[in-house]
Every structure is written in structure tokens, then in C-alpha cells.
Amino acid sequence: MFFDGVLALSLVILAWRALASTDLYKAVVLFVSFGLLLALAWVRLEAPDIALAEAAIGAGLTGALLLDAVGHLQGRRRSVDAAQSLRVVIPVLAFGLTMLLVWAIADLPATSSRVPALVAAHLQEGGVAHEVTAVLLNFRGYDTLLEVSVLLIAVLGVLAMQSADAAGGAPPPASEVLRAFTNFLVPLMVLIAGYLLWAGAHHAGGAFQAGAVLAAAGVLLRLAGRLPLMLPPSFRLRSGVLAGFAVFLVIAVGVTVDGHALLEYPAEQAGWLILLIEATLTVSIGLILLLLFVGAPGSAGTTDNGGKQE
């Protein structure tokens, strides 16, 4: 209990300091630290799936994007002048949001049965042995399909704002240490992503966690100058980005041919259908997150017109 209390207090302090800091670099470092501690909090709450996603996406990839943005802003300004006027506004808004959440939770109707018990009772119909994967891709597949569509819309928006030569060129030459580190770590990250995809049916893991690890490997390759020109995206790259959503949607609609409801998989086919969805989503999520990093304005450094598109 003492450790959990210290962890909760640390999260509040880090969140406040990240919001109140007038130094952008310091604010990003505090944000990344907050994300890592939040991942630890999810572990303490016995939610390793969310912890993996938070550490990889919330702290890792988002932190890399923010640090990259700060690097391009340093030549213009090092602090946010408007932050002084927000010192009062932010606490008021945070308090109002907290009260709204408390009111919404208190107003929830009482349920006759608990969700974990319902999931456990119908787990055999889910096609997988892990409760979280069954909920995400079967019992509440609508939510996951919408989440994937939001990611797809986000990357399409980023790509739509890029001109053919605006980004995607090779970054500045990387050090030999980074190159050697990348050569060692990237194959290991690919293996970890494969394990997380396979383990998702039985343990913590799945497409979002595996895709985030793949994206992190791509970011390392990018920083080491080992990725070819990615913008404008080639046909194969666009196909990879769309594959996860397309396969998910085709299966969701295809099961209705046999008289099932949308996203209601036949019990005898649910396992391999979910595996197919998870595998394609892993590739698509990894590419989407990587393109969000590469497609950020100015993130690619100088454009290398001599590079070759994959």
C-alpha cells in the first residue's frame, strides 16, 4: 500500500510539473517519465496489456515525436510564454473534469452481474483463451474496429499535409554507436513483436502491443539512416497501412453471409479469424505509427533526393 501511495502521488506531481513547466524540453522529459510510471501503475493494477501499450506508445513513440518537435522549435523559442497565464486555467479545467468524471461514475446504474464474470462465462465462444483479447476482438469488436479507423484517419491526415518532397528523406548521418546498437536491437524487437502477437491469444499481448514494438524498431532504423525514402508512400506501403483495417472490415461483414451478426464470428472459426485480424493489424499498426513519426513536419531532416523508395 505504501508503494502504491507513493506511485499515485508521483503521478500527480509529474503530471502537474509537465503541465506547469515553461521549458519545453523539461516538459517532454517529465511527460515521458509520467508515461513510464503510468505503465508501472497499470502493472500494479494487473493490466499488463495496457501497461505494454502505455510504455511503447504513450511514453516511447509519443515521447520521440515530442522530443523531435522540441528540437525543431528550439531555434525559434525555448519556452512557452503563454504558460504563465495557464497556471490558473489548467487547475480549474482539471478540477472541473475531475468533478464531471466523479458525477458520471456515481450516476452509473447498478448492474446485476460483473463484467469479468460475464467474460469468463462466454470465453469459450471468444476463440481465444485470454480475456482481454476476447473482449477487444470479439465481445466488443466494434470498439477496436473504430480505434483502428481513428489511427488510419490520423495517418491519412498527416500524409495529406505532406508534399512529395516535404519529408521522408534520410535523417542526418548516425553515429557508429547508434548503428551498432540498431543492428543488435532491431532483430530482437522483431522477435518480441512476434511473441507478443502469438501470446495475445493466451497471455498479455496482441496486435497493438506487437505493432508498437515494430514501430519502435522502425524508428530506430530511421534514426540510424537504415530506412529508405518513405514519403510519398509506395503502393506496397499504402497497402500495408490499409491491410489491417480492410481485413478486419471484410471479416466483420463476411460473417453476416452465414446469418451471423456483424462481428459475430462462428465459434468453430473464431480462433483463426482473430489470428488473421491480429496478424494484419500488427503490420498496419506498426506502419501507421512509424509513418506518424516520419511524416511529422521536419522530422526527417533534410530531404535526400538520392534515396530510393521502397
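Reader: What makes up the lining of the largest cavity, by class?
Author: This is a predicted model. In it, the lining of the largest cavity has four nonpolar, five polar and one charged residues. The charged one is Glu 278, because Glu counts as charged. Gly 205 and Gly 206 also line the cavity, and they are polar here because Gly counts as polar.

Reader: Which elements give two or more residues to that lining?
Author: They are α6 and α9 (207-223). The lining includes Thr 133, Leu 136 and Leu 137, and also Ala 207, Phe 208 and Gln 209.

Reader: What makes this space a cavity?
Author: A 1.4 Å probe fits there but cannot get out, so the space counts as a cavity. About 70 Å³ lies in the largest one. The whole structure has two cavities of 30 Å³ or more.

Reader: Why is α6 called roughly perpendicular to α11?
Author: The axes of α6 (residues 131-139) and α11 (residues 270-294) cross at roughly 90°. Angles of 65 to 115 degrees count as roughly perpendicular, so the name fits α6 and α11. Their axes come within 11 Å.

Reader: Which residues make the contact of α6 with α11?
Author: Thr 133, Leu 137 and Asn 138 come from α6. Ala 270, Ile 274, Ile 277, Glu 278 and Leu 281 come from α11. By class, they are five nonpolar, two polar and one charged.

Reader: What is the average pLDDT of the chain?
Author: The chain averages 80, and 84% of the residues score at least 70. Among the elements, helix α4 (residues 83-106) has the lowest mean, 75, and helix α10 (residues 235-254) the highest, 91. Over residues 299-310 the pLDDT is below 50.

Definitions and conventions: Residues numbered from 1 in each chain as written. Predicted model: local features only at pLDDT ≥ 70, side-chain atom pairs only at ≥ 80, totals over all residues. Heavy atoms only, no water. Axes fitted to C-alpha atoms, helices over the stretch in contact; angles between N-to-C directions. Helix = DSSP H or I, 4+ residues; strand = E, 2+ residues; numbered from the N terminus. Parallel < 35°, antiparallel > 145°, perpendicular 65-115°, else oblique. Contact = heavy atoms within 4.5 Å. 1 Å grid on protein atoms, 1.4 Å probe; cavity = no way out; pocket = protein on both sides within 12 Å on 5 of 7 lines; lining within 4 Å. Points joined across faces, edges and corners; volume = space filled by probe spheres on them. pLDDT = per-residue confidence, 0-100.
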